[in-house]
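Have the model open and ready to rotate. We'll walk through it together, one region at a time.

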Amino acid sequence: MYPMMGFFDPTYILVIIGIAIAGIAQMNVTNTFSKYDKVGSKNNITAADAAEKIMTNAGINDIRVEHIAGHLTDNYNPGNKTLNLSDASFQSTSVAAIGVAAHEAGHAIQDNKGYLPMRLRSAFVPLVNFGSTASFPLILLGMFLGMNRTLIQIGVYAFALVVIFQIITLPVEFNASMRAVRILSDSGMLRQEEIPAVKKVLTAAALTYVAAVLSTALQFLRLLILFGNRRD
Ligand SMILES: [Zn+2]
């Protein structure tokens, strides 16, 4: 049997489950953020100030805090050494926004200290770019060329790179959040009673990365079921 039927064979249910898991995690982080975005921090600092202060305290002075468009698009870019805070966070004084900013500052500290999982992750970027770009074209080409096993296998393994990359991402994300909570708590930037809210926001954010792993792993499982042990 050719698993060609427009990629809508019964195993497609795995892809749908993956999309559902990722969607639920995304809804959860959006809801959690918006809930605690309504809670102003008692010290009334902005998220941008919090990020600046955390980096100054860590002795980092080569990273700029910048304002970027979008909602929850906050990120740390090690390439150009910018900590980017989105519309919702930048000027916000909410505990949610400060938590997110502190998380990104956690990435900046990881980068500054040469945190090994982050270096591994960066080194893996070219591989994952290859994997995510080439995987499905290779599989389709292999199918098109009369089920060329070699091409199909390379395509399936290329997709495995995406799964591995997302797994390597997990410790980087969890560690950035742990640093954020510790710094906000120890520095007194937030009051102790505000810390649980930060934990909830950052946990919801971390779960989106776990969901991404599950979702990609399900897609990979599907490829294995379809193409893994064909002996025809
Ligand atoms: Zn992160």
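What follows goes from the overall layout to the metal site, then to some contacts, salt bridges and surface details.

A word on ground rules: this is a predicted model, so local features need pLDDT of at least 70 and side-chain atom pairs count only at pLDDT 80 or more, while totals for chains, interfaces and linings use all residues. Residues are numbered from 1 along each chain as its sequence is written, and side-chain values use heavy atoms, with hydrogens and water left out.

Let's start with the fold. The chain has six helices and three strands; these are DSSP runs numbered from the N terminus, helices being H or I with at least four residues and strands being E with at least two. Follow the sequence and you get the pattern α-α-β-β-β-α-α-α-α. The C-alpha trace spans about 65 × 35 × 25 Å along its principal axes. Of the 232 residues, 48% are buried, where buried means under 20% relative accessible area, exposed over 50%, and partly exposed in between (1.4 Å probe, protein chains only). Take the contacts (heavy atoms within 4.5 Å) between residues at least 6 apart in sequence: 73% of them join residues at least 24 apart. As for the outside, the chain exposes about 11700 Å², with carbon and sulfur atoms supplying 64% of it; accessible areas come from the Shrake-Rupley method with a 1.4 Å probe, and for residues only the protein chains shown count as cover.

Now for the metal. Which protein atoms are the donors of the zinc ion? They are NE2 of His103, NE2 of His107 and two OE atoms of Glu173, lying 2.0 to 2.8 Å from the zinc ion. Donors here are N, O and S atoms within 2.8 Å of the metal (3.2 Å for Na, K and Ca), and water is not among the atoms, so sites may look incomplete. Along the chain, the donors follow the spacing H-x3-H-x65-E. Histidine 103 lies in helix α3 (residues 95-113) and glutamate 173 in helix α5 (residues 149-187), so this pair ties together parts 70 residues apart in sequence. Both histidine 103 and glutamate 173 are buried. The angles among the four donor atoms run from 51 to 138°, and the site is irregular. That label follows from the cut-offs: four donors count as tetrahedral if all angles lie between 85 and 135 degrees; four count as square planar and six as octahedral if opposite donors are over 155 degrees apart and all others between 65 and 115; anything else is irregular.

Stay on helix α5 and find isoleucine 152. Its relative accessibility is 5%, so isoleucine 152 counts as buried. Leaving aside residues up to four places away in sequence, isoleucine 152 touches Leu138, Ile139, Gly142, Met143, Met147 and Phe227. Its C-alpha sits 6.2 Å from that of leucine 138, with the two positions 14 residues apart in sequence numbering.

Next, swing over to the segment before α1, where you'll find threonine 11. Threonine 11 touches Arg222, Ile225 and Leu226, again not counting residues up to four places away in sequence. Arg222 turns up again in one of the four salt bridges of the structure, a salt bridge being a side-chain nitrogen of Lys or Arg within 4 Å of a carboxyl oxygen of Asp or Glu. Its partner is aspartate 9, at 2.9 Å from N to O. This pair links distant parts of the chain, since aspartate 9 is in the segment before α1 and arginine 222 in helix α6 (residues 195-227), 213 residues apart. Aspartate 9 is buried at 9% relative accessible area, and arginine 222 is buried at 4%.

Compare the bridge between glutamate 193 and lysine 42, whose closest N and O atoms are 3.8 Å apart. Glutamate 193 is in the loop between α5 and α6 and lysine 42 in the loop between α1 and α2, 151 residues apart. Here glutamate 193 is exposed, at 54%, and lysine 42 is partly exposed, at 49%.

Last stop, the backbone: asparagine 44, in the loop between α1 and α2 (47-57), has a positive phi near 60°.
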